[in-house]
Amino acid sequence: MSDTAGITQGMGNPYKIVDHTRERRKGITASSLKELTNIARSRLALPVDADLTIVLEQDGTEVDDEEYFATLEKNTNLMVLHGDQKWIAAGSSKPASRYIVVDDVDSVEGSSRTDKLRRRRTPIEPLVSSLHGDPSHISLLGGNDLELLSDMDPDSLADIVPDRLFLEQLKEASGRFLAEKRQAQESMALLQMYASGGEMERA
């Protein structure tokens, strides 16, 4: 049975932390990655001498520096790992082992620093494993994750998801969602441009 506690009050933003087994969940507040790590060690009763690793519970993305931590939204779900523990997708028994690294992210035009950080740390295997468990989550993905999925090589992920047909359909669906998302962004930009033009005319 899950051991859920209330928010640990303090300065900073609220976060939800969970242990490797997802049996203990705590609500805490922290203003830095270092502070969150210290609070997590205490609240989850982890060994005082253990090196802790903080990852996003949803897809296993590692949060390994203060700069990336500062980009996280309030109430982000974080998993706390220590020792040889590895992130495992909910409902799965196989840990992820490989991560996609996007080269030369600094040369990507029009990308914010936050987007670059997210792209560099986005793991493809946990993402695919999570979607294999619940494909409906694809509608919640951002543009960077959809781009990774639409560019993936199904053969390289056969050891994670043996169903090649699923991988091919996932790749195709990701491309469609990515195109729709970009079209929506372009439409929004046009609306904002028209709105700005109307305000200038009235002025």
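Two residues are said to be in contact when heavy atoms of the one lie within 4.5 Å of heavy atoms of the other. With that meaning in hand, we can walk through this structure, which is a predicted model, starting from a single residue and widening the view step by step.

The residue to begin with is Tyr15, which lies in strand β2. If its neighbours within four places in sequence are left aside, Tyr15 is in contact with Lys26, Gly27, Ile28, Ala30, Leu36, Phe69, Leu72, Glu73, Asn75, Thr76 and Leu78. One of these partners, Ile28, is 13 residues away from Tyr15 in sequence, yet the C-alpha atoms of Tyr15 and Ile28 are 5.5 Å apart in space. Is Tyr15 buried or exposed? A residue counts as buried when its relative accessible area is under 20%, and because the value for Tyr15 is 2%, Tyr15 is counted as buried.

Another partner of Tyr15 deserves a closer look, and that is Phe69. The count of aromatic pairs comes to one. The pair is formed by Tyr15 and Phe69, whose ring centres are 5.1 Å apart and whose planes stand at 40°, so the pair is described as tilted. This pair links distant parts of the chain, since Tyr15 belongs to strand β2 (residues 13-18) and Phe69 to helix α2, with their positions 54 residues apart in the numbering. Phe69, like the residue above, falls under the 20% limit, because its relative accessible area is 3%, and Phe69 is therefore buried.

From this pair we can step back to the chain as a whole. The chain contains six helices and five strands, and, when read along the sequence, these elements follow the pattern β-β-β-α-β-α-β-α-α-α-α. Of the 203 residues in the chain, 38% count as buried. Among the contacts between residues with a separation of 6 or more, 54% are made by residues 24 or more positions apart. The accessible surface of the chain comes to about 12,100 Å², and carbon and sulfur atoms account for 49% of that surface.

Helix α1 (residues 33-43) shows how burial is spread over one element, for its buried residues are Leu33, Leu36, Thr37, Ile39, Ala40 and Arg41. In an α-helix there are 3.6 residues to a turn, so residues three or four places apart point the same way. The elements that cover the buried residues of α1 include β2, β3 (24-30), β4, α2 and β5 (76-82). Just after α1, Ala45 takes a positive phi of about 55°.

The loop between β4 (52-56) and α2 (66-69) holds Thr61, and Thr61 is buried because its relative accessible area is 3%. The side chain of Thr61 makes a polar contact, at 2.8 Å, with the side chain of Asp59. Asp59 also takes part in lining the largest cavity, together with Gln58, Leu127, Ser130, Leu131, His137 and Leu141. How much space lies in the largest cavity? The figure is about 40 Å³, and a search of the whole structure finds one cavity of 30 Å³ or more.

The last stop is helix α6 (residues 164-202), where Ser174 is found. Ser174 counts as buried because its relative accessibility is 0%. Apart from its neighbours within four places in sequence, Ser174 is in contact with Ile138, Leu146, Leu149 and Ser150.

Notes: Residues are numbered from 1 along each chain as its sequence is written. This is a predicted model: local features need pLDDT of at least 70, side-chain atom pairs count only at pLDDT 80 or more; totals for chains, interfaces and linings use all residues. Side-chain values use heavy atoms; hydrogens and water are left out. Helices (H or I, at least four residues) and strands (E, at least two) are DSSP runs, numbered from the N terminus. Buried means under 20% relative accessible area, exposed over 50%, partly exposed in between (1.4 Å probe, protein chains only). Accessible areas come from the Shrake-Rupley method with a 1.4 Å probe; for residues, only the protein chains shown count as cover. A polar contact is a pair of N or O atoms within 3.5 Å; within protein, one must be able to donate a hydrogen and the other to accept it, and residues adjacent in sequence count only if both atoms are side-chain atoms. Rings of Phe, Tyr and Trp (its six-membered ring) pair if their centres lie within 6.5 Å; planes under 30 degrees apart count as stacked, over 60 as edge-to-face and the rest as tilted. On a 1 Å grid over the protein atoms alone, a cavity is a set of points where a 1.4 Å probe fits but cannot get out, and a pocket is an open set with protein on both sides within 12 Å along at least five of seven lines; lining residues have an atom within 4 Å of a point. Grid points are joined across faces, edges and corners, and a volume is the space filled by probe spheres set on the points.
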